[in-house]
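The following account leads through a single protein chain, from its overall composition to particular side chains. The reader is invited to keep the sequence and the model in view throughout.

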Amino acid sequence: MRYQISGKQIDIGAALQTHVRTELDDMLSKYAGRPTEANVVFSKSGNEYVCESVVHLSTGLNAQATGKAHEIYAAFDASSEKMDKQLRRYKRRLKDHHKERSQPVELSDAGSYILAPRDESDEAEQDTVTAMIVAEMETKIPSLSVGEAVMQMEIASSPVLVFRNEKHSGINVVYRRDDGNIGWIDPRTSG
């Protein structure tokens, strides 16, 4: 497994890096047999340390958690406990959905853009003026089944997930509806 342990404007010592690797290895060996990459970022917010952890699994799922505490080790432990709870909660689903998967999930490159909101005072120009792009980033679109996509969205606590449907290679979207249910958009079946 590949680790990336870093700090935002704080130094991360070798002892903390060893602690993070050991704890993540122990936790992931219980739940996820095939992790591929772990990103752990430490930062300081006021008088608290913040630890943001993301673990990429070969099944295409990403488990992520954030922990805060007054000490840096405690911040990692809080983050680790949240991730442990997520993986424990989804262990049965992960086994059921992925036991037949022999290859890691295929990822496709795509562009991701953040657009600035329009100023309501420019109503007359709205038809001719396009939105200004604030940020442009690269993102990955996983090739998943619909069930795996819903699981990925729930683990990431995200309101929406764009994915390539494994059955027909078309782009699909799953999202959390206002009524609490999950919506699925499959443009291939509309018409």
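In what follows, contact means heavy atoms within 4.5 Å. Leaving aside neighbours within four places in sequence, Val146 is in contact with Phe163, Asn165, Val174 and Trp184. Val146 belongs to helix α3 (residues 146-155). Its C-alpha atom lies 6.9 Å from that of Asn165, although the two residues are 19 apart in sequence.

The model is a predicted one, in which local features need pLDDT of at least 70 and side-chain atom pairs count only at pLDDT 80 or more, whereas totals for chains, interfaces and linings use all residues. Residues are numbered from 1 along each chain as its sequence is written, and side-chain values use heavy atoms, with hydrogens and water left out. The predictor's confidence in each residue, from 0 to 100, is its pLDDT. For this chain the mean pLDDT is 79, and 72% of the residues reach 70 or more. Among the elements, β8 has the highest mean value, 91, and strand β5 (residues 107-115) the lowest, 64. Where pLDDT is low, the predicted coordinates should not be read in detail.

The overall composition may be taken next. Helices (H or I, at least four residues) and strands (E, at least two) are DSSP runs, numbered from the N terminus. The chain contains three helices and nine strands, arranged along the sequence as β-α-β-β-β-α-β-β-α-β-β-β. Among contacts between residues at least 6 apart in sequence, 44% join residues at least 24 apart. The accessible surface comes to about 12000 Å², with 47% of it belonging to carbon and sulfur atoms; such areas come from the Shrake-Rupley method with a 1.4 Å probe, and for residues only the protein chains shown count as cover. A residue is called buried under 20% relative accessible area, exposed over 50%, and partly exposed in between (1.4 Å probe, protein chains only). Of the 191 residues in the chain, 35% are buried.

Helix α3 is mostly covered, with seven of its 10 residues buried. These are Glu148, Ala149, Val150, Met151, Gln152, Met153 and Ile155. After the helix comes Ser157, whose phi is positive, near 50 degrees.

Val174 and Trp184, two of the contacts of Val146, also stand opposite each other, Trp184 being in β9. Strands β8 and β9 (residues 182-185) pair in the antiparallel sense over four bridges, pairing being assigned if DSSP finds at least two bridges between two strands. The two strands form a hairpin with five residues between them, and Gly180 in the turn has a positive phi of about 95 degrees.

How many salt bridges does a search of the whole structure find? There are three, a salt bridge being a side-chain nitrogen of Lys or Arg within 4 Å of a carboxyl oxygen of Asp or Glu. One joins Glu154 and Arg176, at 3.7 Å from N to O. Glu154 lies in helix α3 and Arg176 in strand β8 (residues 171-176), so the pair ties together parts that are 22 residues apart in sequence. Both partners are partly exposed, Glu154 with a relative accessible area of 21% and Arg176 with 38%.

Another salt bridge pairs Glu37 with Arg2, the closest N and O atoms being 2.9 Å apart. This pair links distant parts of the chain, since Glu37 is in strand β2 (residues 35-45) and Arg2 in strand β1 (residues 2-7), 35 residues apart. Glu37 is buried, at 18% relative accessible area, whereas Arg2 is exposed, at 53%. The remaining salt bridge is formed by Arg177 and Asp179, whose closest N and O atoms are 3.0 Å apart. Arg177 is partly exposed at 38%, as is Asp179 at 47%.

The final residue to consider is Asp186, in the segment after β9. Asp186 counts as buried because its relative accessible area is 10%. Not counting residues up to four places away in sequence, Asp186 touches Asn165, His168 and Asn172; Asn165 is also among the contacts of Val146. The side chain of Asp186 makes a polar contact of 3.4 Å with that of His168 and one of 3.1 Å with that of Asn172. A polar contact is a pair of N or O atoms within 3.5 Å; within protein, one must be able to donate a hydrogen and the other to accept it, and residues adjacent in sequence count only if both atoms are side-chain atoms.
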